[in-house]
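User: I would like to learn how to read the features of a protein model, starting with the overall layout and ending with single residues. Could you take me through one?

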Amino acid sequence: MKKVFLAIAAVVLSATTAMAQSEAGSVYIKPMVGGTLTTLTKLDDSKMKLGFVGGAEFGYQVSNEFAVTAGVLASMQGCKFKDDVYEKDRSTTLTYLNIPILANYYIVPGLAIKAGIQPGFMLSHKTKWTDTDTGVDMDVTSKDGLKKFDFSIPLGLSYEISDFVIDARYNLGLTKISKTDINKSKNSVIMLTVGYKIPLN
């Protein structure tokens, strides 16, 4: 699936028609929706899992070459892993409300590189597990022992076709998800979205 995401991004970035970009001084809102490919670092045998991301970003086009955006995104993160005791595939899903604040620099009209900061707040947690005493499959949903706040650095590219925006990012997690020193896992997120710019001025 990672190869599929990269292939889609490559096709979009190679497009040369129907290119558009907001004019300097314009303000817009951009509803956006897409998918995530995520894992947790420093976790033995962790594998990537697919998730959903959706929300909106507000943008201000400072000049033809530079824009700033700030958004609110609900993002499903986490990872898959192997339950060695019962030889079953398990998964941990962490849902966050993320607030990306990005600087966007346009290399050429329509094509921007972006970087910024992203505070996030954990909304829910769900881990599929098997009780070692009873062997019964169960869902653990408690957030006890997990940090409610997350901080990451988003880096990415976007390409604009008419008023549509294809956005590919990597969010580098800097905050441990656990309150304990034993678990040093951090979020690692690849995100691909499609958005639509709606002018506000």
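Analyst: What follows is a short guided reading of this structure. It is a predicted model, in which local features need pLDDT of at least 70 and side-chain atom pairs count only at pLDDT 80 or more, while totals for chains, interfaces and linings use all residues. Residues are numbered from 1 along each chain as its sequence is written, and side-chain values use heavy atoms, with hydrogens and water left out.

User: How many helices and strands are there in the protein?

Analyst: Helices (H or I, at least four residues) and strands (E, at least two) are DSSP runs, numbered from the N terminus. Here the protein has one helix and eleven strands, and along the sequence they follow the pattern α-β-β-β-β-β-β-β-β-β-β-β.

User: What share of the residues is buried?

Analyst: A residue is called buried under 20% relative accessible area, exposed over 50%, and partly exposed in between, with a 1.4 Å probe and protein chains only. In this protein, buried residues make up 41% of the 201 residues.

User: How do strand 8 and strand 9 run, and how many bridges join them?

Analyst: Two strands pair if DSSP finds at least two bridges between them. Strand 8 (residues 149–161) and strand 9 (residues 164–176) run antiparallel and are joined by ten bridges. Y159 stands opposite I166 in strand 9, and in the hairpin of these strands, which has two residues between them, S162 takes a positive phi near 55°.

User: Which aromatic pairs should I look for?

Analyst: Rings of Phe, Tyr and Trp (its six-membered ring) pair if their centres lie within 6.5 Å; planes under 30 degrees apart count as stacked, over 60 as edge-to-face and the rest as tilted. By this rule the count is two aromatic pairs. The rings of F121 and F149 have centres 5.6 Å apart and planes at 65°, so the pair is edge-to-face. This pair links distant parts of the chain, with F121 in strand 6 (residues 111–130) and F149 in strand 8, 28 residues apart. F121, with a relative accessible area of 38%, is partly exposed, and F149 counts as partly exposed at 41%. F164 and Y196 also form an edge-to-face pair, 4.9 Å centre to centre with 65° between the planes. It joins F164 in strand 9 to Y196 in strand 10 (residues 186–196), 32 residues apart.

User: Is Q77 buried or exposed, and what is Q77 in contact with?

Analyst: Q77 lies in strand 3 (residues 66–83), and because its relative accessibility is 2%, Q77 counts as buried. Contact means heavy atoms within 4.5 Å; leaving aside neighbours within four places in sequence, Q77 is in contact with several residues, including T38, K49, Y96 and V189. A polar contact is a pair of N or O atoms within 3.5 Å; within protein, one must be able to donate a hydrogen and the other to accept it, and residues adjacent in sequence count only if both atoms are side-chain atoms. The side chain of Q77 makes such a contact of 3.0 Å with that of S75, and another of 3.2 Å with that of N187.

User: Is D89 buried or exposed, and where does D89 lie?

Analyst: D89 lies in strand 4 (residues 88–98), and because its relative accessibility is 55%, D89 counts as exposed. Beyond its neighbours within four places in sequence, D89 is in contact with F81 and K82.
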